[in-house]
Every structure is written in C-alpha cells, then in structure tokens.
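Work through these exercises with the structure open beside you. Try each task before reading its solution.

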Amino acid sequence: MRLLLVEDSARLRDLVGETIRAAGWRLDAVGGAGEAQDALASTHYDLILLDLGLPDGDGLDLVRGLRRNRNGTPVLVLTARGAVDERIAGLDAGADDYLTKPFNNGELLARARALLRRAPVSSNPVLEAGALRFDPATQETRCGAEVIALAPRERAALEILLRNAGRVTPKRGLEERLSGFDEEVSPNAIEVVLSRLRRRLAPFPTRTAIETVRGVGYLLRETEA
C-alpha cells in the first residue's frame, strides 16, 4: 500500500507520517497542489490524504481534477474546515471521507482502513503464492491460518515480490518502490530487508522461496514443499 499525504504544515506531515508508517504503509508526503499533481502523474497511490488549504491552490480543485480524469483513488480530506456546508462541498467535489482537524490518530487509521477496504477488489486483491497470503488493505501476512509478524519494510518488500511472483523484480525497482520522496534506500539496505524477510518466513511452510538473481534482482517463486 502506498499513500500520498498533501499537507502544507511540515509539523503535521511529520506527525501523520509517523502514524502512517508505523501502521506499515508506505507514504509520500508533499506540501502543495503542484507537488501533489507531479506525484500523482508518476506514481499509483491507494489512498490520498488531502488538506484543503494549500499554499498554491485549493485541495477541492485537486479532487475535482482527479475525478474529471476518471482517477478513482480514494480521497480522505483532512482539514480545519469543519462547517457542515464545507464538508458537503468536499464530498460533492469527489472526496470519499472527511476528517476535521484536530483528529485522533486512531480514527485517522480506522477511516483509512475503511476506504482501502472499499476500493475496487480488482485494484487491491489479496496476494497469494504457495501457502503465503498478503492482504494489502490490512497489511496482514498469513501462512495458512497463522499470522506472520513482519516489520513495515519487510511487508512492503513482500507485497512487491508477491505482485511479481514468478518474475524477477529488479533490485533498482525495489529501491525505488521502498523509498519515499524524502528518503532513499541503499542497495545494501535492500539486501538487509530481504535477508530479514527470509528469516521471518523460514519457520513457516509457505511453499515459497525468495531467490537472489545475481546482478539483476530478486525472484519469489513457489516450491513443491
């Protein structure tokens, strides 16, 4: 899961970012409408967290533009505009839900989970390989009935590998997709994440293997046992 936060307050970007990343989701955070449009042009997001009072435009215009372009990405509005008519305007513009500042972090996560669950099934399926199952909406990893505890970056790496199961995932692609706009992931860090992921999965009969394709990337494949 990858989320986009559009918020002009650096302090709130940091606070919300900590909450979202602790929940195991990847997050890109930008401070204005222009940056948001650039991000949306180059990256697929599963959910947008949007402030309305942006320094270079109104967040509602951004929502309207998305819907005109038939972009159905769920939008959760985060704003100090709490009047009923303002909430109605946001929903009529195409937003999916509305959370008034200040808000509780638990409620933010609950509303985000609800929107992710309501996303079209075809765009957010449960990913499977062997006996391994990963639900992008809940970030839960299972082997059969058993839940496998993974760290956030391990979950993110597993999701990418499962989406490419049976095909080689280039190392550079993993670096890019595990990175946000404000941080970089080194090649060595990727190796560490994959090593830890293998160790986490090893005790379970997942009937899968993560192989290193030297000089190219990584391959998640199904095994017979």
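**Exercise 1.** Along strand 10, which side chains point to one face and are buried, and which point to the other and are not?

Solution. Begin with the ground rules. This is a predicted model, in which local features need pLDDT of at least 70 and side-chain atom pairs count only at pLDDT 80 or more, while totals for chains, interfaces and linings use all residues. Residues are numbered from 1 along each chain as its sequence is written, and side-chain values use heavy atoms, with hydrogens and water left out.

Step 1: find the strand. Strand 10 covers residues 140–143. Strands (E, at least two residues) and helices (H or I, at least four) are DSSP runs, numbered from the N terminus.

Step 2: sort the side chains. T141 and C143 point to one face, and both are buried. E140 and R142 point to the other face and are not buried. Buried means under 20% relative accessible area, exposed over 50%, and partly exposed in between (1.4 Å probe, protein chains only).

Step 3: recall the rule. In a regular strand, side chains alternate between the two faces of the sheet.

**Exercise 2.** Work out the sheet that holds strand 10: what is the order of its strands?

Solution. Step 1: read the order. The sheet is open, has four strands and runs 8-9-10-11, with antiparallel pairing. Two strands pair if DSSP finds at least two bridges between them.

Step 2: find the edges. Strand 8 and strand 11 (146–148) each pair on one side only.

Step 3: count bridges. Strand 9 and strand 10 share four. Strand 10 and strand 11 share three.

Step 4: match residues. L132 stands opposite C143 in strand 10. C143 in turn stands opposite E146 in strand 11. R142 has V147 of strand 11 as its bridge partner.

Step 5: check the turns. Four residues lie between strand 9 and strand 10 in their hairpin, where Q139 takes a positive phi near 65°. The hairpin of strand 10 and strand 11 has two residues between the strands, and G144 in the turn has a positive phi of about 65°.

Step 6: add the twist. From one strand to the next, the twist averages 25°.

**Exercise 3.** Place helix 6: which strands does it lie across?

Solution. Step 1: set the position. Helix 6 lies across strand 8, strand 9 and strand 10. Its direction is about 110° to that of strand 9. Here axes are lines fitted to C-alpha atoms, for helices over the stretch in contact, and angles run from 0 to 180 degrees between N-to-C directions.

Step 2: check the length. Helix 6 has twelve residues and reaches 17 Å from its first C-alpha to its last, close to the expected 16 Å. The expected span is 1.5 Å times one less than the number of residues.

Step 3: judge the burial. Nine of the twelve residues of helix 6 are buried, so the helix is largely enclosed by the rest of the structure. Among them are E154, R155 and L158.

Step 4: take one residue. Beyond its neighbours within four places in sequence, L162 is in contact (heavy atoms within 4.5 Å) with L127, E128, A129, L132, F134 and L220.

**Exercise 4.** Which residues touch the most other members of the largest nonpolar core?

Solution. Step 1: define the core. It is a set of buried Ala, Val, Leu, Ile, Met, Phe, Trp, Tyr and Cys residues joined through side-chain atoms within 4.5 Å.

Step 2: name the residues. The largest core has 25 residues, and L158, L162, L194 and L197 touch the most other members.

Step 3: trace the suppliers. Those giving at least two residues each include helix 8 (187–201) and strand 14 (217–222). Helix 6 gives the largest share, six residues.

Step 4: look elsewhere. Another core, of 21 residues, lies apart from this one and includes L4, L40, L60 and V63.

**Exercise 5.** Is strand 1 (residues 2–6) enclosed or open?

Solution. Step 1: count. Five of the five residues are buried, so strand 1 is largely enclosed by the rest of the structure.

Step 2: check both faces. R2, L4 and V6 are buried on one side, and L3 and L5 on the other.

Step 3: find the partner. Strand 1 pairs with strand 2 (residues 26–30) in the parallel sense over five bridges. R2 has R26 as its bridge partner in strand 2.
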